[in-house]
Amino acid sequence: MTRAAYHYSFDHEHLLSIEGLSPLDITHILDLADSYAEATRAGIRPDPVLKGKVVVNLFFENSTRTMSSFEIAARRLGADVISMPVAASSVKKGETLIDTAMTLNAMKPDALIVRHSASGGPKLLSRKVDCAVINAGDGTHQHPTQGLLDTLTIRRTKGRIEGLKVVICGDIAHSRVARSTTQTLHLMGAEVHLCAPRTLLPSGTETWGAASATTDFDKALKDADIVMMLRLQLERMDGAFLPSRREYFSFFGLTKDRLALAKPDATVMHPGPMNRGIEIESAIADGEQSVITEQVEMGVAVREAVLHLLAGGRA
């Protein structure tokens, strides 16, 4: 163990973004998540480090997968969990985000998990409450636990992160996953290449740590270790970004022939939900090279680790 690791302590109050985390922070979260994943697979109940704690899921956007994942993680650690989808909140009655924050803060929760359509929503809340705030996705900005779970899945599959070539293809422009996962993998030493139609490929991706951004999927796939597909986020598109879904699939869909351009042992990933036949063939999504279901499993483990560190005391 290095001297730096020996004196290390996780000292963040919130998890709002990958920005601000160091490689040592990320490694610490992944190591703790790894131990939770192994315990779950062995049928071992984790220590109830959140016993007596209150965790609130505050989702202004629908997301059954992420909300359920956080809820399962919190309950496994012994917390009392309150889930508040926006349809059941006073926001529908005109309450502002600040009013919601003040109301929740008066209830003295220990952690607030927030998904919001506006970039910066969770950060604003973090300034108004006394508990830990975890960003579960804000606009097109960040989804830090997704970046962490993707990285953990890769590390468990390949045994390392450093030096791997990762290709992320799809709706980069509207994807908070693309930003968070690219930043996390870059910090951990991977080489990340982004690919999308020109209309869905934003400028400035080099500031995320991307090695390249291209519209040529076939070229990007050469010697790839990891291929991650992203769904078309049609609900965020205002205007005509694509000629047709059929044409999109012909140029940017992951098929058996296209996957053959990557390394023979390339791993296929997708943060979900998938649009089968639009961004990925079912045979690939369900094939031996796919770790999509493991991503879901690692999502719970990573969220256990994050909740442990932020609401249950440092580890």
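These legends go with a set of close-up views of one predicted model.

**View 1. The two domains and where they meet.**
The domain assignment splits the protein chain into domain 1 (14–143 + 296–312) and domain 2 (144–291). Measure from C-alpha centre to C-alpha centre and domain 1 sits 25 Å from domain 2. For the contact between them, look for 36 residues on the domain 1 side and 26 residues on the domain 2 side.

**View 2. Helix α2, checked against a ruler.**
Helix α2 covers residues 23–41. With 19 residues at 1.5 Å a residue it should span 27 Å, and its end C-alpha atoms are 26 Å apart, so the two values agree. Which residues of α2 are buried? They are Asp25, Ile26, His28, Ile29, Leu30, Leu32, Ala33, Tyr36, Ala37 and Ala39. As for what they lean on, the buried residues of α2 pack against α6 (144–158), α7 (176–187) and α12 (292–311). Just past the helix comes Gly43, with a positive phi of about 75°.

**View 3. Helix α12, mostly tucked away.**
One of the packing partners of α2 gets its own panel here: α12, residues 292–311. From first C-alpha to last, the 20 residues of α12 reach 28 Å, close to the 28 Å expected at 1.5 Å a residue. Since 17 of those 20 residues are buried, α12 is largely enclosed by the rest of the structure. Thr293 also lies in this helix, but Thr293 is exposed, with a relative accessible area of 68%. Thr293 and Gly272 are 21 residues apart in sequence, with their C-alpha atoms 9.6 Å apart in space.

**View 4. A cis peptide bond at Gly272 and Pro273.**
Staying with Gly272, the peptide bond joining it to Pro273 is cis, and its omega is about -10°. Where does Pro273 sit? Its place is in the loop between β9 (267–269) and α11 (282–285).

**View 5. The largest nonpolar core and its hubs.**
This core has 85 residues, and the members that touch the most others are Leu148, Ile172, Phe217, Val227, Leu254 and Leu307. Helix α12 supplies the largest share of this core, eleven residues. Both domains chip in, with at least three residues from each of domain 1 (14–143 + 296–312) and domain 2 (144–291). For a close look at one hub, try Leu254: leaving out residues up to four places away in sequence, Leu254 touches Phe217, Val227, Met229, Phe249, Leu259, Val268, Glu279, Ile280, Glu281 and Ile284. There is also a second, separate core of twelve residues, including Leu97, Leu112, Leu125 and Val133.

**View 6. Ser126 at the end of α5.**
Helix α5 runs over residues 121–126, and Ser126 belongs to it. Buried or exposed? Ser126 is buried, at a relative accessible area of 12%. Not counting residues up to four places away in sequence, Ser126 touches His14, Leu16 and Val133.

**View 7. Ile226 in strand β8.**
Ile226 lies in strand β8 and counts as buried, at 0% relative accessibility. Leaving aside neighbours within four places in sequence, its contacts are Ile154, Lys158, Lys165, Val166, Val167, Thr267 and Met269. Ser63 is 163 residues away from Ile226 along the chain, and 26 Å separates their C-alpha atoms.

**View 8. Two loop residues with positive phi.**
Neither residue in this view is a glycine, yet Lys108 has a positive phi of about 60° and Asp223 has one of about 65°. Lys108 sits in the loop between α4 (97–106) and β3 (111–116), while Asp223 sits in the loop between α8 (217–221) and β8 (226–229). Lys108 is exposed, with a relative accessible area of 59%. Asp223 is partly exposed, with a relative accessible area of 42%.

**View 9. A charge over a ring, and an aromatic pair.**
What does the charged end of Arg303 sit over? That would be the ring of Phe70, whose centre is 4.9 Å away. For aromatic pairs, the count comes to one.

Technical notes. Residues are numbered from 1 along each chain as its sequence is written. This is a predicted model: local features need pLDDT of at least 70, side-chain atom pairs count only at pLDDT 80 or more; totals for chains, interfaces and linings use all residues. Side-chain values use heavy atoms; hydrogens and water are left out. Helices (H or I, at least four residues) and strands (E, at least two) are DSSP runs, numbered from the N terminus. The expected span of a helix is 1.5 Å times one less than its number of residues. Buried means under 20% relative accessible area, exposed over 50%, partly exposed in between (1.4 Å probe, protein chains only). Contact means heavy atoms within 4.5 Å. Rings of Phe, Tyr and Trp (its six-membered ring) pair if their centres lie within 6.5 Å; planes under 30 degrees apart count as stacked, over 60 as edge-to-face and the rest as tilted. A charge sits over a ring if NZ of Lys or CZ of Arg is within 6 Å of the ring centre and within 35 degrees of the ring normal. A nonpolar core is a set of buried Ala, Val, Leu, Ile, Met, Phe, Trp, Tyr and Cys residues joined through side-chain atoms within 4.5 Å. Domain bounds come from an automatic or database domain assignment.
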